[in-house]
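Please open the structure in the viewer and keep the selection tool at hand. The tour moves from one selection to the next and states what is to be found at each stop.

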Amino acid sequence: MIQNKNNRQWFLKKINRVRIITGVILGIFITLISACIVIYSIFDEELHVYSFAKILFIIVLMLLIMVLVLNLFFFKSYTEVLRIMNDDDLQTLIQISESRFWLEKYLPSFIIYSGKIRIFTWLRQPDFYFSELKEIQIKTNIFTRGRQNKLVIFKKTKGRSFFFSIDSNPVQRKHLLEKAVVYHPEIIIKGDLY
C-alpha cells in the first residue's frame, strides 16, 4: 500500500512538473505579447503604419490565453484520473509507461481504469465505459509523420463514433485491446492489432 501511494505521488509529481513547465512557457509568451501591445499602444501616433501589428498581437494574445486555459483543464483531467484509479490500474499504468516514448511516458493518450477509458486530447478528455462500445478499430493514420501514427476508432452501441491518435507502441495497443476484451468480451476488434 505504501509503495502504491508513493507511485501515485511520484506520477502526480511528474505530471505537475510538466504542467508547470508548460505554464511558464505559455506565461512568457503571454507576457511578451502583452508587452508588445503596450509598446504599440504607447507609440500609436508615431507608428500608424504598424497599427495592424497591434491587432495581430491582440489576436495572438487571445489565442495564447485560450491555450493556457485548455492546458489547465487538460492537466486537471490527468490528475483527477490518477487520484481516483485503483492500485492495480496504477501499477499497470506505470508498467506500460516504461515502454512509451519519453514525451508520452507521463502523459499517455489514454488511461484505462475501473472498466472505463479516458482519452486525453487537447480540447477534451471524454470517458468511455467499455460496455458502451461495440467496436474498436485501429489503423495507420496516414495524415501524420510523427509518433502518434495509429488511429483508434471507437464505435459506440448508441451514438456516434469517436477517434483519437495513439503512439505506434505495440505494448500500448495490446494493453488497450486486452482490457477492452476483459471488460466487454463481445466487443469487435478490427485493424492493426499488434
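Begin by selecting helix α4 together with strands β1 and β2: the helix lies across both strands and runs at about 35° to β1. Please bear in mind throughout that this is a predicted model.

**The sheet of three strands**

Next, extend the selection to the open sheet that contains these strands. Its three strands follow the order β1-β2-β3, and their pairing is antiparallel. The edges are formed by β1, residues 110-113, and β3, residues 127-129, each of which pairs on one side only. From one strand to the next, the twist averages 20°.

Now select strand β2, residues 116-119, with β3; three bridges connect them in the antiparallel sense. Which residue of β3 does I117 face? Opposite I117 stands F128.

**The sheet of four strands**

Return to helix α4, residues 170-183, and display β4, β5, β6 and β7 as well. The helix lies across these four strands too, and its direction is at about 165° to that of β4, residues 133-140.

Hide the helix and look at the strands alone. They form an open sheet in the order β6-β5-β4-β7, and the pairing is mixed. Strands β6 (161-166) and β7 (188-191) each have a single partner strand, so at these two edges one side of the strand has no neighbour in the sheet. The twist in this sheet averages 15° from one strand to the next.

Select β5, residues 150-156, along with β6. The two strands run antiparallel and are joined by six bridges. One residue to pick out is L151, whose bridge partner in β6 is S165.

**Helix α3**

For the last stop, select helix α3, which spans residues 87-97, and colour D89, L90, L93, I94, I96 and S97; these residues are buried. Viewed down the axis of α3, the buried residues fall within an arc of 165°, so they line one face of the helix. An α-helix has 3.6 residues a turn, so residues three or four places apart point the same way.

Which exposed residues does the face turned away from the buried side of α3 carry? Rotating the view to that face shows D88 and Q95, which are exposed.

Finally, move to the start of α3 and show the side chain of N86. One of its side-chain oxygens comes to within 3.2 Å of the backbone nitrogen of D88.

Technical notes:
Residues are numbered from 1 along each chain as its sequence is written. This is a predicted model: local features need pLDDT of at least 70, side-chain atom pairs count only at pLDDT 80 or more; totals for chains, interfaces and linings use all residues. Side-chain values use heavy atoms; hydrogens and water are left out. Buried means under 20% relative accessible area, exposed over 50%, partly exposed in between (1.4 Å probe, protein chains only). The arc is that of the directions from the helix axis to the C-beta atoms. A polar contact is a pair of N or O atoms within 3.5 Å; within protein, one must be able to donate a hydrogen and the other to accept it, and residues adjacent in sequence count only if both atoms are side-chain atoms. Two strands pair if DSSP finds at least two bridges between them. Axes are lines fitted to C-alpha atoms, for helices over the stretch in contact, and angles run from 0 to 180 degrees between N-to-C directions. Contact means heavy atoms within 4.5 Å.
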